[in-house]
Structure formats: structure tokens, C-alpha cells
Amino acid sequence: MNDFNPTRIELARKYRGWTKKELAERSGMTPTYIGMLVGSPTAHLTESSVEKIAYATSLPLSFFMLRGPGLDWNRLAFRRKKTITRNLSNRICAEFEMLANTVSRVSSMSNVPDKTASWLDEIAPTFDPQEQGVRRIAANTRAILGLPSTGAVRNMIRSVERKGVIIAPLTTKVADSVSDGVTYPNKALIGYFPENKPGDRLRFTIAHELGHLVLHRYRRPKDLSLMEREANEFAGEFLFPESDARAVISPSMMLEDYLYVKSGWGISVGAAVRRASDLGLIDGDKYKSLYVRMAQRHWIKHEPVEVKAEHPVRLAQMLGRAFGGLDDTGRSTVPRDGIEGFLGVPFELVNDWCDNRLTEKAASWTIMR
């Protein structure tokens, strides 16, 4: 069956987190036959076999008909902890690739000019910036996004989405095995793992991933820990500019005083304390003392002062334009058969990526050109 793309079988398997043996058992096939499909994709690929795999993986048949370049998973930027399994890493990479494919198809369908690449190209460094260079790039990014040079970023997600970057929550459950977000430097796309995380942590995650998009578009440090430090430095400067930090932080501040920073700039107390240390506003002893007090008060995971969680809207709006179902309030009403037929992914998964902002439409539909 030339209509089917055999490479999608392996993508589906990794997305579900199965071994080849598990896929064979769930599909009612032999491991040898599954191995043949993966190892020699043109061999014995029948519509019946693809239907069995589609049923087992709960993916539309159209998923296995889509074509296009995949992603180099080695270029995905997300911090893997020692506890992560290959299975979980594959699931994260596979879901992000499926999301990236969906965004590309929706972009072409919705007929919305993509100007994201131009501003990223202008600001992305081709050399290795020093610490001050990273802060300067973060300040320039604020200016490009239309934000003032100082003061809080009122809505981190919306500020980034307005410049064409797609932000979407991912469904893979990661617990504490990886960092909170994932990006691909050549895509204007940020995925994050919500899992009931507080708003301040989410804001820092988006700023951190934006740092990867900007700083590592044309360069990738060999030391992956340096990549993470650069992205953290970018996020700190973007959310809590140095001039603001120097104006409000003093060495004599007690732990409770940092709650003012949290409420004013929407970053966690922990991030504010680290920012103070990085800028030399407090010494090492003070930094350790504050963290000891945070641990004693159980603030490491549960800080006082709520920062409301932000929610992405751009992908849902693009889908509404593509399928002609965007109302005056920005709510998107889209057809299940259109989503699954043209995008090749389940309606429920796309709705999750849209932060549950889609409404299913049963009526007939047309793609907007």
C-alpha cells in the first residue's frame, strides 16, 4: 500500500511507549512481522496490518498516511534527569514531533503569514555569548516583543504568542524525570508539562524555553549544562530585569521580603533568591541561609502567594481559522473528522494541546484558504 508511510509505525510505537513486542501483541501480529515493517518498511505492508496497528495505538488511519521530514531528536532541548528511562524519553520526543507536524499542517491550512523566523533570525546569536551577552539578548527580546525594559511581564504566554510562537501543554506524564518544557531550536514552538504546576513556575518555564529558541537557534554548546544555565540566565533577565532587581533587593532582606518580588514580578521566591545571588546582590552565605529557611518552611515545592496560571490560545485560534469555526470571542469550533482526517491525530489529543479550548462541530465543514 503506497498510500501508507511505514516510518509512522515506529513513531506511533514510541509515542505509546511500547516495545516492538508489545506493539505486536496489542496488534495481534508476530514480533517478527512488526520487525519486518520497521526494518524493511516496504515489505508486506497491507491495509489490514495498518488498520490493526491504528486500532491498537488509538490513532487515526490517516496518521499512518502523513509524510514529511521528522525531527532530529538529538536537537530537542529538554533537560533529562538521571532517573529518566529511554521509554519516557521516546514518548516525549514522539509527542513533540507529532505536535510539530500538526502545527506545520495547521499553519499551511490557516493561511496566516509566519513572521516568527525573521525576528528570531535577527536576534539569535551565532557566537557564544558571555553572561552579560545573554542578559543583553534577553533585554533585546523584551523590546522585540513590545515589552518595556523594566517592570513585570504581565502575561508571559500571551507576550510570546503575539510574536508567532506556538505554546502547547504536552500530555506525557513526566513527574520529576525531566525539566518542565521542551523546544526544538528551528521551530517556533514551545511544549510544556503542566501537571498542576504553579503559575510562577510555568512563567519561568516559558521564559526558559524562549531562551533556548533565541540562544540556541544557530549554536549548541557541547556542554548541555551550559545550555541550561544560559536559558536560566535569559529567563531571569527577561522576567526580572537586572535594573529592577538592583532597585528592590538588598542583602538585609529576610525570606518573607522576597514575597514582594514574587507578587510584583510573577517569579518564585526561589528564582528571585537565585537571581539575587547571580547578580551578586547577596553573598554565598546569605544564599545558603535563605534556602535553608525555605526548606524549613517547606517552601521548596509549595510557596505562599499564588501566581495565577496562564493559558495559551494561539494554536486553538489557528485551528478555528483553518476549519472556519472561530467566533467573535476567539472560541474555536472544529470538526472531529477534519482534525483527525487532515491532521492525523485524535481530536482529544489536539484539544489537550489547545488547553481544552476546542469545541467539537458535527456539521459539515470546509478548509479556509
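## Cysteines

Cys93 is buried in this predicted model. Its relative accessible area is 2%. Cys354 is buried too, at 3% relative accessibility. Both values fall in the buried class because that class covers anything under 20%. A search for disulfides over the whole structure returns zero.

## Overall fold

The chain holds 17 helices and five strands. Its radius of gyration is 22 Å. A compact globule of 369 residues would have a value near 21 Å, so the chain agrees with that expectation. Along the principal axes, the C-alpha atoms fill a box of roughly 70 × 45 × 40 Å.

Buried residues account for 53% of the 369 residues. Contacts across the sequence can be split by separation. Of those with a separation of 6 or more, 70% join residues 24 or more positions apart.

## Helix H6 against helix H9

Helix H6 spans residues 116–123, and helix H9 spans residues 199–215. The two pack with their axes 8 Å apart, at an angle of about 75°. H6 is therefore roughly perpendicular to H9. That class runs from 65 to 115 degrees.

On the H6 side, the contact uses Trp119, Leu120 and Ile123. On the H9 side, Leu210, Leu213 and Val214 meet them. By class, the H6 and H9 contact has six nonpolar residues, no polar and no charged.

## Helix H12 against helix H13

Helix H12 covers residues 258–265, and helix H13 covers residues 269–278. Their axes lie 9 Å apart and the packing angle is about 110°. H12 and H13 are therefore roughly perpendicular to each other.

H12 contributes Tyr258, Leu259, Val261 and Lys262 to the contact. H13 supplies Val269, Ala272, Val273 and Ala276. Seven of the residues in this contact of H12 with H13 are nonpolar, none is polar and one is charged. Lys262 is a residue of H12 in this contact, and Lys belongs to the charged class.

## Asn101 in helix H5

Asn101 sits in helix H5, residues 86–110. Its relative accessibility is 19%. The buried class ends at 20%, so Asn101 counts as buried. Leaving out residues up to four places away in sequence, Asn101 touches Arg8 and Pro69.

## Val345 and its surroundings

Val345 lies in the loop between helix H16 (336–343) and H17. This loop residue is buried, with 1% relative accessibility. Residues up to four places away in sequence are not counted in its contact list. The list holds Pro60, Phe63, Met98, Thr102, Ile339, Glu340, Val350 and Trp353.

Two members of that list, Met98 and Thr102, have numbers inside the 86–110 range of H5. Ile339 and Glu340, also touched by Val345, have numbers inside the 336–343 range of H16. Val345 and Gly284 are 61 residues apart in sequence. In space, their C-alpha atoms are 50 Å apart.

## The loop from H17 to E5

Arg357 is in the loop between helix H17 (347–353) and strand E5 (358–361). Arg357 is partly exposed, with a relative accessible area of 27%. Beyond its neighbours within four places in sequence, Arg357 contacts His311, Pro312, Val313, Ala316, Arg331, Ser332 and Asn351. Arg331, one of these partners, is 26 residues away from Arg357 in sequence. The C-alpha to C-alpha distance between Arg357 and Arg331 is 6.8 Å.

Asn356 belongs to the loop between H17 and E5 as well. Asn356 is partly exposed, with a relative accessible area of 46%.

## Positive phi values

Most residues other than glycine have a negative phi. Asn356 has a positive phi, near 60°, and is not a glycine. Ser58 also has a positive phi, about 60°, without being a glycine. Ser58 lies in the loop between helix H4 (47–57) and H5.

Conventions. Residues numbered from 1 in each chain as written. Predicted model: local features only at pLDDT ≥ 70, side-chain atom pairs only at ≥ 80, totals over all residues. Heavy atoms only, no water. Disulfide = S-S within 2.5 Å. Buried < 20%, exposed > 50% of the residue type's maximum accessible area, 1.4 Å probe, protein only. Axes fitted to C-alpha atoms, helices over the stretch in contact; angles between N-to-C directions. Helix = DSSP H or I, 4+ residues; strand = E, 2+ residues; numbered from the N terminus. Parallel < 35°, antiparallel > 145°, perpendicular 65-115°, else oblique. Contact = heavy atoms within 4.5 Å. Rg over C-alpha atoms; globule rule 2.2 N^0.38 Å.
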